[in-house]
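Me: I am a first-year student, and I would like to go through a structure slowly, one question at a time. Could you explain the reasoning behind each reply?

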Amino acid sequence: MEPDFPLRKIIHVDMDAFYASVEQLDNPDLRGKPIAVGGSSQRGVVSAASYEARKFGVRSAMSSVIAKRNCPELIFVKANFERYKEISKAIRNIFYEYTDLVEPLSLDEAYLDVTVNKKGDPSATLIAQEIRQRIFDELHLTASAGISINKFIAKVASDYNKPNGQKTVNPEEVIQFLEDLEIRKFYGVGKVTAEKMYKLGIFTGKDLKTKSLEFLDENFGKSGIFYYHVVRGIHNSEVKPHRIPKSVGAERTFSENLSSEVFMLERLEQIAQELERRLQKSKIAGKTITLKIKYSDFTLQTRSKTLPYFISDKNLILETAKSLLYQDNLENSVRLLGISLANLNTEKRETTKEGKEVSVQLKFDF
């Protein structure tokens, strides 16, 4: 049975502990030692951790205090984003020698569509291997890669043989691969969703596949149709060379917790000003303003409002953010505030037809 969705050759390249690896590259004294990129203060957060630090349970987004408790020998290094951007640009230049269809997800990872490529190489597996070798030879850093028929599977596969490895999921292996996959390893299934799936008796892709679209829609809302399709190997999202942002935001973490809305107004004005600068730089406006509040106990709350018109002006953003701040009582003292703008004037609206279950074509040279 011929599939009615496109079969592509997609590579997902993910640099290994990128920020930490760059710091170890630039400072030989840090090599082989547990390091964390981020602040070491009481309010600090780990941005990235070397593999030596990860052995002690140090992870990105972890409080620096907890990270130091887990690994007393941990060395904190201040982030140098200009340097990371410089290396990231050099990595992308390597990608562009193989294809123009490169979709960066961040400084350290990207999708590549090599179905048709500049080298005329029919093997996506060999292309990924060559790209990883070039990154190592030219930049002295390691990367991992996942290769398959769509972005979802390639993303999952890139995590399989980390660090400095790769995994190819050939077309004829897709269904079995997804059925055997632990549900927590499905890209897009976070800790909370995984726990919910466990309670519903869903532990693997095979378990997920037994659930009807109606069941998944009822229990997971809009994400239900996504889970229904990807477990069947269906993910039609193209590699988009110029990713259009869905939102633009700015936020601040405070050195001391704020306990009154009055003290937050000055901070909100600074955040709104930074957001205005970013919007104007990108020539973007939006309709939906979201206020992000992180409390001292690390719980997170968001409050949103959609306007009938596009805005990018600091005063209008601030006015709406203030109304959201006063919309409800604060639950605790506040350690972080953020404002983001979504529903942007860059978004293209399309109506897609519902996908249907299909089998995967077996003969496709990978």
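Me: In which loop does Lys283 lie?

Reply: The model shown here is a predicted one, and the loop can be named by the elements that stand on either side. The helix that borders this loop is H12, residues 261-282, and the strand that borders it is S10, residues 286-295. Lys283 therefore lies in the loop between helix H12 and strand S10.

Me: What is phi of Lys283, and is this residue buried or exposed?

Reply: Most residues other than glycine have a negative phi. Lys283 is a residue other than glycine, yet its phi is positive, near 55 degrees. Its relative accessibility is 75%, and because exposed means over 50%, Lys283 counts as exposed.

Me: Ala17 has a positive phi too, so where does it lie, and is it buried or exposed?

Reply: The phi of Ala17 is about 45 degrees, although this residue is not a glycine. Ala17 is found in the loop between strand S1, residues 10-15, and helix H1. Its relative accessibility is 6%, and because buried means under 20%, Ala17 counts as buried.

Me: What is the order of the strands in the open sheet of three strands?

Reply: The strands of a sheet pair through backbone hydrogen bonds, either parallel or antiparallel. Here S2, residues 35-38, is joined to S4 by three bridges and the two run parallel, whereas S2 and S3, also joined by three bridges, run antiparallel, and the pairing of the sheet is mixed. Strand S3 (46-49) and strand S4 (75-77) are the edge strands, each pairing on one side only. The order is S3-S2-S4.

Me: Which residues of S2 point one way, and which point the other way?

Reply: In a regular strand the side chains alternate between the two faces of the sheet. Among the neighbours across the sheet, Ile35 stands opposite Ile75 in S4, and Val37 stands opposite Ala48 in S3. All four residues of S2 named here are buried, with Ile35 and Val37 pointing one way and the other way taken by Ala36 and Gly38.

Me: Which residue in S4 is the bridge partner of Ala36?

Reply: Ala36 belongs to S2, where it is buried and points the same way as Gly38. S2 and S4 run parallel and are joined by three bridges. The bridge partner of Ala36 in S4 is Phe76.

Me: At what angle to S2 does helix H1 run?

Reply: Helix H1 consists of residues 18-26 and lies across S2, S3 and S4. Its direction relative to S2 is given by an angle of about 110 degrees.

Me: How do helices H4 and H5 pack, and what is the word for their angle?

Reply: Two packed helices are described by the angle between their axes and the distance between the axes. For helix H4, residues 81-96, and helix H5, residues 124-139, the angle is about 140 degrees and the axes are 10 Å apart. Angles over 145 degrees count as roughly antiparallel and those of 65 to 115 as roughly perpendicular, and the angle here falls in neither class. H4 and H5 are therefore oblique to each other.

Me: How many nonpolar, polar and charged residues does the contact of H4 with H5 have?

Reply: From H4 the residues are Ile87, Ala90, Ile91, Ile94 and Phe95, and in H5 they meet Ile131, Arg134, Ile135, Glu138 and Leu139. By class, the contact has eight nonpolar, no polar and two charged residues.

Methods. Residues are numbered from 1 along each chain as its sequence is written. This is a predicted model: local features need pLDDT of at least 70, side-chain atom pairs count only at pLDDT 80 or more; totals for chains, interfaces and linings use all residues. Side-chain values use heavy atoms; hydrogens and water are left out. Two strands pair if DSSP finds at least two bridges between them. Contact means heavy atoms within 4.5 Å. Axes are lines fitted to C-alpha atoms, for helices over the stretch in contact, and angles run from 0 to 180 degrees between N-to-C directions. Angles under 35 degrees count as roughly parallel, over 145 as roughly antiparallel, 65 to 115 as roughly perpendicular and the rest as oblique. Ala, Val, Leu, Ile, Met, Phe, Trp, Tyr, Cys and Pro count as nonpolar, Asp, Glu, Lys and Arg as charged, and the others, Gly among them, as polar. Buried means under 20% relative accessible area, exposed over 50%, partly exposed in between (1.4 Å probe, protein chains only).
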